[in-house]
Each structure stands twice: as C-alpha cells, then as structure tokens.
Amino acid sequence: MRVRNKPWAKDKIAKYPKIVIKNPQEHAGNWNRLFNRSAPIHLEIGTGKGKFVTGMAKAHPDINFIGIELQESVIVSALDKCLEQELDNVKLLNADARELSEYFAESEISAIYLNFSDPWPKSRHEKRRLTYHTFLAQYQYILDQNGQINLKTDNQGLFEYSLESFSRYGMLIKNISLDLHNSSFEGNVTTEYEEKFSKKGQRIYRCEAVFRD
Ligand code: SAM
C-alpha cells in the first residue's frame, strides 16, 4: 500500500505504549496479561488503518484483538480509532508478520484475519504473500486447536492462490464465498479496502481455513 509519509507518526505511536505494544517478543505467552483479563485472542495481520480490528472489537467485547501492521504512517490511523472509541480490547503491533512465531507462544491465538492482503502478483514475490507456506507454518504454530484463518480479498488471483496453498498444506477450507456482499454471511465487519473496492463494484471473496491434526 502506498501511503503518505507522516513524520510525526513515530512520536505519536511512542506516546501510547499501552496500545501500540513495543518489543512484542517479550510478551510471547503472556498477551492476556496486557489486556488484564483472560479471553480468546484474535489477530489481524496487515491491519491497515484499523477499521476492521476496531469494528470487531466493538462488536465482540468478549474477545481480545491484536492488529499487526508494518507501516507507522498507517497504524497511526488505527491508533486514532482505538483512542476515539476508547477500546480496551485492542492492542496494536507496529511489526512484521514474518516474525509471528517470535511474538506469540504456541496455541496462543484463536483466530487469524487476513484482509485484503497485498497480492504480490509476480511469481518471484510469491514468498511475500501472507498465504505462502512459510506463513502458514507460523499460523499453525500460534493458532490453538480450533483456531481458524479468515481470509477476505477482492483479488481473484490471490484468492485462488490462497485456496491452493491452504489445500496443498493439508488444511480444510470452509464457507467459501465468491461474492460476500451478496451472500447470507452475517456480521461482516468491513475494512477500509473492502469499502473502497466494493464501491467500485468489485466482488469480495471470502473463505475460512483450519489446520488438521
Ligand atoms: N487490511 C487493511 C484493509 O483491508 O483495509 C489493509 C490492506 S493493505 C492492502 C495491506 C496492509 O498489510 C498494508 O497496510 C501493509 O503495510 C500490511 N502488511 C503487508 N505485509 C505485512 C507484514 N509482513 N506484516 C505486517 N503488515 C503487513
């Protein structure tokens, strides 16, 4: 995602260490302590400007949510939403999802959301796709036994690739929708990209995937 540089973002993020958590490796296995309660933890990877993670946190106050986002200039908008809405069940990480298994202990997470992930269409960039098998191995490690991956995208190529990648990894794929907004799916919380693409008339694809024992 190309973003306007916000030189002040770093300082703003640093002002809210209870929301944007530094040194996530130090909290592996103890994330619920930061939320001051024991609850299932749901993780959104590539959380962008935070519409989804904050919307989900509001809709599901019984769940602890964590959003990971690489770019400071983007995550700062997610921080603003957390502050405006005074949500105490969202934490943010300004970090790279390639290191996920350093940030979380085995089975610490109950659900993962991949929303409108960068498609990286060139085959030489396959390793960067968030559904490449090296990412799946990390998701398998941090997800608990019933944990599932929830994927939404407007990108047909990434969707097909992800279905194939899940399948090749031996995962069970469930509830495939080829047109989410014209389906019977209930409780959809939209993301910034989802709003943008569906306004342009693009279809939204969705599926769930679980690891088999
Ligand atoms: N999920 C948001 C939405 O639907 O509006 C943002 C989608 S945007 C296309 C993808 C986001 O994923 C970008 O903000 C990008 O910085 C972030 N991202 C990509 N690779 C990442 C990684 N390895 N770790 C953390 N964030 C990542």
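Start with the whole chain, shown as a cartoon: this predicted model holds eight helices and seven strands. The radius of gyration is 16 Å, close to the 17 Å that the globule rule gives for 213 residues, so the protein is as compact as a globular protein of that length. Turn the C-alpha trace along its principal axes and the spans come to about 40 × 40 × 35 Å. If you colour by burial, 39% of the 213 residues count as buried. Of the contacts between residues at least 6 apart in sequence, 77% join residues at least 24 apart.

**The sheet**

Select the strands next. Seven of them make an open sheet of mixed pairing, and reading across gives the order S3-S2-S1-S4-S5-S7-S6. Strand S3 (90-93) and strand S6 (172-177) are the edge strands, each paired on one side only. On average, neighbouring strands in this sheet are turned by 20° against each other, direction ignored.

Now select residues 143-153, strand S5, together with residues 205-210, strand S7. These two run antiparallel and are joined by six bridges. Label Leu-151 and you will find Cys-207 of S7 opposite. Add residues 133-142 to the selection: this is helix H6, which packs on the sheet and touches strand S4 (109-115) as well as S5. The direction of H6 makes about 135° with that of S5.

Move on to the edge strand S6. S6 pairs with S7 in the antiparallel sense, over four bridges. Here Leu-172 stands opposite Val-210 in S7. How many of the six residues of S6 are buried? The count is zero; S6 is hardly covered.

**A covered helix**

For a contrast in what to look at, select residues 51-59, helix H3. Its buried residues are Lys-51, Phe-52, Val-53, Thr-54, Met-56 and Ala-57. Display the surroundings to see what covers them: the cover includes strand S1 (41-45), strand S2 (64-68) and helix H4 (72-85), along with S3, S4 and H8.

**Two single residues**

Centre the view on Leu-114, which sits in strand S4. Is Leu-114 buried or exposed? Leu-114 has 23 C-beta neighbours inside 10 Å, and 20 or more are enough, so Leu-114 counts as buried. Leaving aside neighbours within four places in sequence, Leu-114 is in contact with Ile-45, Leu-130, Thr-131, Ile-149 and Leu-151. Draw a distance from Leu-114 to Ile-45: the C-alpha atoms are 5.6 Å apart, although 69 residues separate the two in sequence.

Then go to Pro-40, in the loop between helix H2 (31-34) and S1. Pro-40 has 16 C-beta neighbours inside 10 Å and therefore counts as partly exposed. Beyond the four places on either side in sequence, Pro-40 is in contact with Ile-63, Asn-64 and Ser-110. A second distance, from Pro-40 to Glu-86, gives 20 Å from C-alpha to C-alpha across 46 residues of sequence.

**The ligand**

Finish by selecting the ligand and the residues around it. The shell has 21 residues, and the closest are Gly-46, Gly-48, Ala-97, Phe-116 and Thr-191. Which helix gives the most to this shell? Helix H8, residues 192-199, does, with three residues. Colour the shell by residue type and you will see eight nonpolar, seven polar and six charged residues.

Conventions:
Residues are numbered from 1 along each chain as its sequence is written. This is a predicted model: local features need pLDDT of at least 70, side-chain atom pairs count only at pLDDT 80 or more; totals for chains, interfaces and linings use all residues. A residue is near a molecule or strand if its C-beta atom, placed from the backbone, lies within 6 Å of it. Ala, Val, Leu, Ile, Met, Phe, Trp, Tyr, Cys and Pro count as nonpolar, Asp, Glu, Lys and Arg as charged, and the others, Gly among them, as polar. Two strands pair if DSSP finds at least two bridges between them. Axes are lines fitted to C-alpha atoms, for helices over the stretch in contact, and angles run from 0 to 180 degrees between N-to-C directions. Two residues are in contact if their C-beta atoms, placed from the backbone, lie within 7 Å. The radius of gyration is taken over C-alpha atoms; the globule rule is 2.2 Å times the number of residues to the power 0.38. A residue is buried if 20 or more other C-beta atoms lie within 10 Å of its own, exposed if 12 or fewer, and partly exposed in between; C-beta atoms are placed from the backbone.
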